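Grab a coffee and work through a few exercises on side-chain contacts and strand pairing. Try each task on the structure before you read the solution.

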Amino acid sequence: AAMLSLQAQTITGNWITHVIDEESEETVTYILVFGGNRMKQAMVAEAPLEGVGNVSLYFSVPAQEYTPGSGFLNFHFDPSQTEMLLYDIDFINELKAAVKDNPEKEKQLQEIVFNAFDKNKQQMAQEGLLSGKYTVVSATDTKLVLKDPEGESMTFKRPE
């Protein structure tokens, strides 16, 4: 009966959740997009970088197939196909002052930060993006609850 009611709900569309690690001061936003029999995942990881400020990086991997209504999502991807973008940098005050009237200097700093992370993007994607078989615990119009392979739940909401 539970599977029948689950199959009546659709997960088509966009979903988002935020995970905050108080200890490391990192915030990870997971984004899932479902359309037809394809699912795409991405994440935005934000963390402080000493001497620079808060850095936000966007990671995505190519869409993959899934079976709508199956009750399971099997996330798998080739880390070598990871795309990474520098989403944002909230510079520390000293750097804000240094780049305030110098867009070229800001561009150079952004390039340095991007290059520092780019060589590790595959590893960061492997460690950060969803991977493995997730169970769809519940799906409503506004909330999607998944259980990861270790049994931990993640609650996604539709973005506003």
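Let's warm up with a single residue, keeping in mind that this is a predicted model.

**Exercise 1. Is aspartate 118 buried, exposed or partly exposed, and which lysine does its side chain meet?**

Step 1: Aspartate 118 has a relative accessibility of 26%, so it counts as partly exposed.
Step 2: Its side chain meets that of lysine 121 in a salt bridge, 3.7 Å from N to O.

**Exercise 2. Work out how many salt bridges the model holds, and describe the others.**

Step 1: The count comes to 3 salt bridges.
Step 2: Go to glutamate 65, whose side chain meets that of arginine 38 at 4.0 Å, N to O. Glutamate 65 belongs to strand β5 and arginine 38 to strand β3 (residues 38-49), so this salt bridge ties together parts that are 27 residues apart in sequence.
Step 3: Check how open the two ends are. Glutamate 65 is exposed, with a relative accessible area of 55%, whereas arginine 38 is partly exposed at 38%.
Step 4: Now take lysine 96 and aspartate 90, which form a salt bridge at 3.2 Å, N to O. Lysine 96 is partly exposed, with a relative accessible area of 39%; aspartate 90 is partly exposed too, at 39% relative accessibility.

**Exercise 3. Find the aromatic pairs, and say which parts of the chain they link.**

Step 1: You should end up with 2 aromatic pairs.
Step 2: One of them is phenylalanine 34 with tyrosine 66, at 5.1 Å centre to centre and with 70° between the planes. Planes over 60 degrees apart count as edge-to-face, and that is how this phenylalanine 34–tyrosine 66 pair is classed.
Step 3: Place the two rings. Phenylalanine 34 is in strand β2 (residues 26-35), while tyrosine 66 is in the loop between β5 (64-65) and β6 (72-75), so the pair ties together parts 32 residues apart in sequence.
Step 4: Look at burial, where the cut-off is under 20% relative accessible area. Phenylalanine 34 comes in at 3%, so it is buried, and tyrosine 66 is buried at 8%.
Step 5: Phenylalanine 75 and tyrosine 134 also make an edge-to-face pair, 5.3 Å centre to centre and with 90° between the planes. This pair links distant parts of the chain, since phenylalanine 75 is in strand β6 and tyrosine 134 is in strand β8 (residues 132-139), 59 residues apart. Both phenylalanine 75 and tyrosine 134 are buried.

**Exercise 4. Start from phenylalanine 72: what sits over its ring, and which residue is its bridge partner in β8?**

Step 1: Over the ring of phenylalanine 72 you'll find the charged end of lysine 133, 4.5 Å from the ring centre.
Step 2: The bridge partner of phenylalanine 72 in β8 is threonine 135.
Step 3: Zoom out to the strands: β6 and β8 pair in the antiparallel sense, over 4 bridges.

**Exercise 5. Carry on from threonine 135: which residue of β9 stands opposite it, and how are β8 and β9 joined?**

Step 1: In β9, lysine 147 stands opposite threonine 135.
Step 2: β8 and strand β9 (residues 143-147) run antiparallel and are joined by 4 bridges.
Step 3: Follow the chain from β8 to β9, and you pass through a hairpin of 3 joining residues.
Step 4: Put it together: threonine 135 is the bridge partner of phenylalanine 72 and stands opposite lysine 147 in β9.

Key. Residues numbered from 1 in each chain as written. Predicted model: local features only at pLDDT ≥ 70, side-chain atom pairs only at ≥ 80, totals over all residues. Heavy atoms only, no water. Phe/Tyr/Trp six-rings, centres within 6.5 Å; stacked < 30°, edge-to-face > 60°. Helix = DSSP H or I, 4+ residues; strand = E, 2+ residues; numbered from the N terminus. Buried < 20%, exposed > 50% of the residue type's maximum accessible area, 1.4 Å probe, protein only. Lys NZ or Arg CZ within 6 Å of the ring centre and 35° of its normal. Pairing = 2+ DSSP bridges.
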